[in-house]
Every structure is written in C-alpha cells, then in structure tokens.
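Visitor: Before we discuss any details, could you show me the model, so that I can follow the reasoning along the sequence and in space?

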Amino acid sequence: MSELADIPWNLIMPLIVLQFILMIVALVDVIRHRRTNGPFIMWIFIIILGNLIGPILYFIFGRRQV
C-alpha cells in the first residue's frame, strides 16, 4: 500500500478525468448518430478499451462527416 502513497495523484487525476469525459462524450456521440466509418460495435469497443487514445481515434477517423 505504500506504493499508492508515492503516486503523484495531483498530476495523474486530470488525465483520468479527461479520459472519462472523452469516453462519455464519444459514447454518447456514437450512440446518437450510429453512422460511423466502420462497424458501429467496433467503435464502441475501441472507445471503451482504447483508454485515452480510443475516443480521440473515434473523433478523428470514426465519425462520418455529413
């Protein structure tokens, strides 16, 4: 347990919050529009399992431009 006390949480917590917000926004977007470049389910898995890079990949490559 002493390893957890040594972690600089004030540096890591903003990344965790950013990851969570990006994931929620990307999931809401993919569920609302359902028109993506590639299979719908694939993008959901990429968003959830891709940590911070998954939602970013979805917004760059997955969204179908209207």
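**Reading the model from its C-terminal segment to its core**

Visitor: Does R64 count as buried, exposed or partly exposed?
Guide: In this predicted model, the relative accessibility of R64 comes to 39%. Buried would require a value under 20% and exposed one over 50%, so R64 falls into the remaining class, partly exposed.

Visitor: R64 and W43 are 21 residues apart in sequence, but how far apart are they in space?
Guide: R64 belongs to the segment after α4, while W43 lies in helix α3. Not counting residues up to four places away in sequence, R64 touches R35, T36 and N37. From C-alpha to C-alpha, R64 and W43 are separated by 12 Å.

Visitor: T36 is among the residues that R64 touches; what is the relative accessibility of T36?
Guide: T36 is placed in the loop between α2 (9-33) and α3 (40-49). With residues up to four places away left out, T36 touches V30, W43, Y58, G62 and R64. T36 counts as buried because a residue under 20% is classed that way, and its relative accessibility is 6%.

Visitor: Which residue offers its backbone oxygen to a polar atom of the T36 side chain, at 2.8 Å?
Guide: A polar contact needs its two atoms to lie within 3.5 Å, and the 2.8 Å separation here falls under that limit. The side chain of T36 supplies one polar atom, and the backbone oxygen opposite belongs to G38.

Visitor: Which helices each supply at least two residues of the largest nonpolar core?
Guide: The largest nonpolar core has nine residues in all, namely M23, A26, L27, V30, F40, W43, I44, I47 and Y58. At least two of these residues come from each of the helices α2 and α3.

Visitor: With which residues is I44 in contact, leaving aside its neighbours within four places in sequence?
Guide: I44 is itself one of the residues of the largest nonpolar core. Once its neighbours within four places are set aside, its contacts are with two residues that are also listed in that core: L27 and V30.

Visitor: What kind of aromatic pair do W43 and Y58 form?
Guide: The chain has two aromatic pairs, and ring pairs link W43, Y58 and F59 into a cluster. W43 and Y58 are both buried, and their rings lie 5.8 Å apart from centre to centre, with 65 degrees between the planes. W43 lies in helix α3 and Y58 in helix α4 (residues 53-62), so this pair ties together parts that are 15 residues apart in sequence. Because an angle over 60 degrees is needed for the class, the pair is edge-to-face.

Visitor: Which residue has a side chain joined to that of D29 by a polar contact of 3.1 Å?
Guide: D29 has its place in helix α2 and is buried, its relative accessible area being 11%. Leaving aside neighbours within four places in sequence, D29 is in contact with R34, Y58, F59 and R63. The polar contact of 3.1 Å joins the side chain of D29 to that of R63.

Visitor: What is the phi of N51?
Guide: Most residues other than glycine have a negative phi. N51 lies in the loop between α3 and α4 and is partly exposed, with a relative accessible area of 45%. Although N51 is not a glycine, its phi is positive, at about 55 degrees.

Visitor: How far apart in space are I21 and M42?
Guide: I21 is found in helix α2 and counts as partly exposed at 47% relative accessibility. In sequence I21 and M42 are 21 residues apart, and their C-alpha to C-alpha distance is 20 Å.

Visitor: What is the radius of gyration of the chain?
Guide: The chain holds four helices and zero strands, and its C-alpha atoms fill a box of roughly 50 × 15 × 15 Å along the principal axes. Of its 66 residues, 23% count as buried. For 66 residues the globule rule gives 11 Å, and the chain is well over this value, so it is more spread out than a compact globule, with a radius of gyration of 15 Å.

How values were computed. Residues numbered from 1 in each chain as written. Predicted model: local features only at pLDDT ≥ 70, side-chain atom pairs only at ≥ 80, totals over all residues. Heavy atoms only, no water. Buried < 20%, exposed > 50% of the residue type's maximum accessible area, 1.4 Å probe, protein only. Polar contact = N/O pair within 3.5 Å; in protein donor to acceptor, adjacent residues only side chain to side chain. Contact = heavy atoms within 4.5 Å. Core = buried A, V, L, I, M, F, W, Y, C linked by side-chain atoms within 4.5 Å. Rg over C-alpha atoms; globule rule 2.2 N^0.38 Å. Phe/Tyr/Trp six-rings, centres within 6.5 Å; stacked < 30°, edge-to-face > 60°.
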